[in-house]
Amino acid sequence: DRASQLLNRMRRPARYQRPISYKPGDPKPVNACFAILARNQDWRSLRESMKQMEDRFNHQFNYPYVFLNDKPFSEEFKNMTRSMTQADVYYGQIAQEHWSYPEWIDKEKAAEKRKEMEEKGVMYGGSESYRHMCRFESGLFFKHPLMQQFDYYWRIEPGIEYRCDINYDPFLFMKERRIKYGWTIAIYELMDTVPTLWNSVKKFVAQHPETIPEYNSQWWVSRDNGTSYNGCHFWSNFEIADLSFYRSEQYSKFFEFLDREGGFFYERWGDAPVHSIAAALFLQKEEVHWFDDIGYYHPGWQHCPSGDTWLTNRCTCDPKDKSKTITNAGWGKCSHEWKLLPDTPAGQRKA
Ligand code: GDP
Ligand code: MN
């Protein structure tokens, strides 16, 4: 039967099934890196994340890691992370203007709004650092000098898990197909964190209609033709992206506009809805890819492939576990709905 055929094939040592491999420092087919924003105390849970990334994927590919922090990294952090990989590692501090209030933000108003959100019980509602983090991840991380040399990036966070082997190069997969954005979990937003985000998006679109291509993916974030936001977003703690998407003129205009609106500080706009709305407005369906075959866990939710992929990629997650597997839960509807997005007409496709 099918299962025993697959199992037989798997008895061969895994290295024979993986023709591609690059050594640290080798030129790679894609100029790509992992990017990790972290605090010094995060090193222990990052070792977990890196252990899995290395075992499941990167020991074969040796893509470099870029670590970024708003404070200087400690020697302990550097030693405890660089010892997890043979690949090149880079450590950078974030420029102060990328982790502070723009001059047009009223800090007292921001503090009041934080207090209100905290009292309301909104997740991270009272946190100032979380807001700097979201703003940085929304529009600034790719401007860091250490990121300049790279064309693609894959985001990693502390405490995440890779629960299946990744036997091919997702960067190359994207480059060959001209895919700009890759995701594995999509979920609804806590609307208390973004009450006026869509209004700002509408203002932006009215002022810059030239940035919106005719065939885009807006339907996925707004089912009423742009009137309201349904909260669907790609969970950006996992994200593989072509950095030319973020460095594009349209994305820069978009981020600068949102930054002026103040919602990163007066509300608690997350980088996930910001990236996702931009992808939906600016990209065609074919330029965005669901890495459905990647088993990924971030505290709260996981995506777990099923069927043959589960078996051959040595997955350890349970796709049927409804409490964790987002795609089987109500919160995961957005993932399935992505597939319902109409295809771009053949002659109009960029990817
Ligand atoms: P959550 O995933 O939304 O629950 O938030 P996390 O606590 O995982 O933060 C998201 C990412 O930003 C992680 O990679 C964190 O390590 C990083 N991060 C969050 N806050 C800070 C901060 O104040 N400083 C630094 N350097 N990194 C942070
Ligand atoms: Mn996280």
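This section describes strand pairing, the nonpolar core and the ligand surroundings in a predicted model.

Strand β1, residues 32-37, runs parallel to β2 and is joined to β2 by four bridges. Within this pair, Ile36 of β1 has Phe67 of β2 as its bridge partner. The connection between the two strands passes through helix α2, residues 43-58, and β1, α2 and β2 together make a right-handed β-α-β unit. Strand β2, which spans residues 65-69, is mostly covered, with four of its five residues buried. Strand β2 also pairs with β3, residues 89-93, in the parallel sense, and this pairing comprises five bridges. Here Asn69 stands opposite Gln93 of β3. A right-handed β-α-β unit is again found, made of β2, helix α3 (residues 75-82) and β3.

Antiparallel pairing occurs around strand β9, residues 239-242. Strand β4, residues 152-155, is antiparallel to β9 and is joined to β9 by four bridges; in this pair Tyr152 stands opposite Asp242. Strand β6, residues 181-183, pairs with β9 in the antiparallel sense over two bridges, and Gly182 stands opposite Ile240. In a regular strand, side chains alternate between the two faces of the sheet. Both faces of β9 are covered: Glu239 and Ala241 are buried on one side, and Ile240 and Asp242 are buried on the other.

A separate description applies to the open sheet of three strands, which has the order β5-β11-β12 and antiparallel pairing. Strands β5 (161-162) and β12 (301-303) each have a single partner strand and stand at the edges, so one side of each is left without a neighbour in the sheet. Strand β11, residues 296-298, is joined to β12 by three bridges, and the two strands run antiparallel. Tyr296 has His303 in β12 as its bridge partner.

The largest nonpolar core contains 85 residues, of which Phe34, Ala35 and Ile36 touch the most other members. Helix α11, residues 271-282, contributes the largest share of this core, with eight residues. The positions of Phe34, Ala35 and Ile36 in the chain fall within the span of β1, residues 32-37. When neighbours within four places in sequence are left aside, the contacts of Ala35 are Val66, Leu68, Phe141, Met147, Tyr153 and Arg155. Of these contacts, Val66 and Leu68 lie in the range of β2, residues 65-69, while Tyr153 and Arg155 lie in that of β4, residues 152-155.

Ligand 1 is surrounded by Leu37, Ala38, Arg39, Asp42, Asn69, Asp70, Ser129, Tyr130, Met133, Glu157, Pro158 and Asn237. By class, this shell has five nonpolar, three polar and four charged residues. Helix α5, residues 128-139, provides the largest share of the shell, namely three residues. Asn69, which is part of the shell, is also the residue of β2 that stands opposite Gln93 in β3.

Lys113 is located in helix α4, which covers residues 107-119. Lys113 has 20 other C-beta atoms within 10 Å and is therefore buried. Lys113 and Gln149 are 36 residues apart along the chain, and their C-alpha atoms are separated by 38 Å.

How values were computed. Residues numbered from 1 in each chain as written. Chains lettered and ligands numbered in written order. Predicted model: local features only at pLDDT ≥ 70, side-chain atom pairs only at ≥ 80, totals over all residues. Pairing = 2+ DSSP bridges. Near = placed C-beta within 6 Å. Nonpolar A, V, L, I, M, F, W, Y, C, P; charged D, E, K, R; others polar. Buried ≥ 20, exposed ≤ 12 C-beta atoms within 10 Å, placed from the backbone. Right-handed = clockwise from strand over helix to strand, strands pointing away. Core = buried A, V, L, I, M, F, W, Y, C linked by C-beta atoms within 7 Å. Contact = placed C-beta atoms within 7 Å.
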